[in-house]
Each structure stands twice: as structure tokens, then as C-alpha cells.
Amino acid sequence: MSGSVLFTAGERWRCFLTPSRSSLFWALHNFCCRKKSTTPKKITPNVTFCDENAKEPENALDKLFSSEQQASILHVLNTASTKELEAFRLLRGRRSINIVEHRENFGPFQNLESLMNVPLFKYKSTVQVCNSILCPKTGREKRKSPENRFLRKLLKPDIERERLKAVNSIISIVFGTRRIAWAHLDRKLTVLDWQQSDRWSLMRGIYSSSVYLEEISSIISKMPKADFYVLEKTGLSIQNSSLFPILLHFHIMEAMLYALLNKTFAQDGQHQVLSMNRNAVGKHFELMIGDSRTSGKELVKQFLSDSILKADPRVFFPSDKIVHYRQMFLSTELQRVEELYDSLLQAIAFYELAVFDSQP
């Protein structure tokens, strides 16, 4: 190419024009640019995004709320003190201060749109604030979320608070590799029944479903009716392959108990069988050492003694059954029947944590 040099550098072409050709190059360049600028521009449709800073149509807020609602919101904004405004969750901190300062500097708010002139208020946040003023219950319910999160970790599946509060009696069931135990308690923490049964045969053989069905059905036949049946949920990890036989046993037991005790689920869709976190019960009774749970034997022994010696014991054992329960407990001291102790502790923890929301 005469008057120019072309070469590659890093796979990119570069063109150097000699001075004699530079004027021609710029003339062609300017011509092309002018031609391009005169072509019609492609019109693209407007796209609306959810942007906090995007401007909304004028008087958009007035169309969202009735005149009565607007009057109620404006009354709060124009009369409430900083402390009173902070009662609304979305107005805590600097927002409530900004509202009062704006009111003092510019006078009362004349309409809802004027709230967007206050620092930290855009259209979306203003709508949320107006709704929270009209429905303060929403804020209170959200503040209860830590409790709801705790219950979701404590119990599975999720149960309505109204059903938990109205419970009259439960049966707490704990099973291991050798035995199964259950405790029947009412809402006064009276021990109505408390039993344990050895089931050595279940961990032998080939985990036959018919054997499990027969054994578990015989145990369930002895249980009275209750509002809920609470099963202990262990924290064994499936990652440890050596524990697989035990995990399989636990899952079969749990599945059988769910199926046999949830008798009315097909009709009303209401769960009667719940799983309760084992470690949460241990923490409630301060039985945890790190991630490991210690025996509840001594604690149960103390509950039995207090039922006789104290006028207002934490757990009440009826006088006509206390002797039987003490003898049953003493007969297990050498074997350390943890399932028996844990079934009672789980029932107590269920009432104190999920029903009464109280700590001892």
C-alpha cells in the first residue's frame, strides 16, 4: 500500500497514514460521520424498572389511599413526637427525626407526596411507611419473627400458634436402638402416664417393614389419645457411613409413627405428629456440653423428689402413681434408660418452650 504502513501487533491491525494521505482520510471520515448523523435514529421503547429513585406520576400516592386514610396518616405525621413515630418500625432512627425537623422548618404536611421531600424518603419507602401507619399490627407481628424462627427450629412441621396455645395433652415419644419410651402429660405438667418398652428385635435381621409395623402398632395401641404426638429428632449425620444402620432404623421408626399416629391428616390436613429438636431440649435443661448432650437422669430424679416434697413442683406426679414411677425409675438406674428420661424431659420442654413461652 503506497504511502501507508500496515502491520500487526498483538493480533490487532494498525494503520499509519503518511502526511500526504492524511487530508484525504479526514475528509472521508467527516463525510461518513455527517452521513451517519443524518440517518433516522432507531426508537427504542421505554422500559420501566423498579427503581427507588424513579419519579412517580404526580399525586400517585393520593390514588393509593382513600381520603380517610390520607387524613389518618397526615394526622400522625403532623402531630406525633419523635418517640411516638419510632413506635412504627419503619420510622425508627433518623427517619423520625427528619420528619419532625421538616415539619418544624416547612410546616405541617399538606399531602402524602410532600413526605417524599423529607430525606431518606422515596416513593417506595413512603408507601411502606403509610401502610405501616395504617396497620401498626404488621410491625408487631414482624417483631415476633425471632420467636417464630425459634419455633421453626424447635418443631417440625410448622404449626399454627393458636393450636399450640390450645393444647391440652401431648404424648412425648423417644426411641433408640433398643427401646421406645413415651410420656403422657397435660398442660398442668401432670404426668398421666409414663412407660418404656424394650424392642431388641428391631435392630436384628433385615429391617423388615412388617416386623416394624407389628411392633410399633402394639406400642401405639397402649397410648391414649392426645392433641399432639411429639417425636425426638436426633442430629445424627448421614455423612458417617458407619451410622447408616442406626439412621435407617430411626427413619423407619419415624415414618411408621408418622403414618400410624396422623390418623386424621387425610380428612383435615392437620398434623398431629411433630418432631422436636433433641439439642434444643438439652439446651433448655442445660444438659449440653459443646455439641454433646449429657444424661437427664439426675434431673428426672430431682423432679420425682420435688413432686413429693414441694407444694408447687415443676412437674406433678399423681399420688396414686408416684410409687410406681419411682420404682420404674430405680429399676433403670443401672441400665441408664435414657429414652425413658428423655421422653419426660421432652414433654416438659414442649410445654415450657412452645406452649407457655416461659423459662423455669
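Colleague: How many aromatic pairs does a search of the whole structure find?
Modeller: The model is a predicted one, and ring pairs are counted where the ring centres lie within 6.5 Å. On that basis, a search of the whole structure gives a number of aromatic pairs equal to 9.

Colleague: Why is the pair of F228 and F350 counted as stacked, tilted or edge-to-face?
Modeller: The ring centres of F228 and F350 are 6.4 Å apart, and their planes meet at 55°. Planes under 30 degrees apart would count as stacked and those over 60 as edge-to-face. The angle of 55° therefore makes the pair of F228 and F350 tilted.

Colleague: How many residues apart are F228 and F350, which the pair links?
Modeller: F228 belongs to strand β7, which covers residues 228-233, while F350 belongs to helix α16, which covers residues 338-355. The pair thus links distant parts of the chain, with a separation in residues of 122.

Colleague: Are F228 and F350 buried or exposed, and which residues form one aromatic cluster with them?
Modeller: Both F228 and F350 are buried, a term that stands for under 20% relative accessible area. The one aromatic cluster that contains these two rings is formed by F228, F350, Y351 and F356.

Colleague: Over the face of which residue does R95 lie?
Modeller: R95 is placed at 5.3 Å from the ring centre, and the cut-off for a charge over a ring is within 6 Å of that centre. The ring whose face lies under R95 is that of F121.

Colleague: What share of the residues in the protein chain is buried?
Modeller: The protein chain has 16 helices and 10 strands. Of its 360 residues, the buried share is 38%.

Methods:
Residues numbered from 1 in each chain as written. Predicted model: local features only at pLDDT ≥ 70, side-chain atom pairs only at ≥ 80, totals over all residues. Heavy atoms only, no water. Helix = DSSP H or I, 4+ residues; strand = E, 2+ residues; numbered from the N terminus. Buried < 20%, exposed > 50% of the residue type's maximum accessible area, 1.4 Å probe, protein only. Phe/Tyr/Trp six-rings, centres within 6.5 Å; stacked < 30°, edge-to-face > 60°. Lys NZ or Arg CZ within 6 Å of the ring centre and 35° of its normal.
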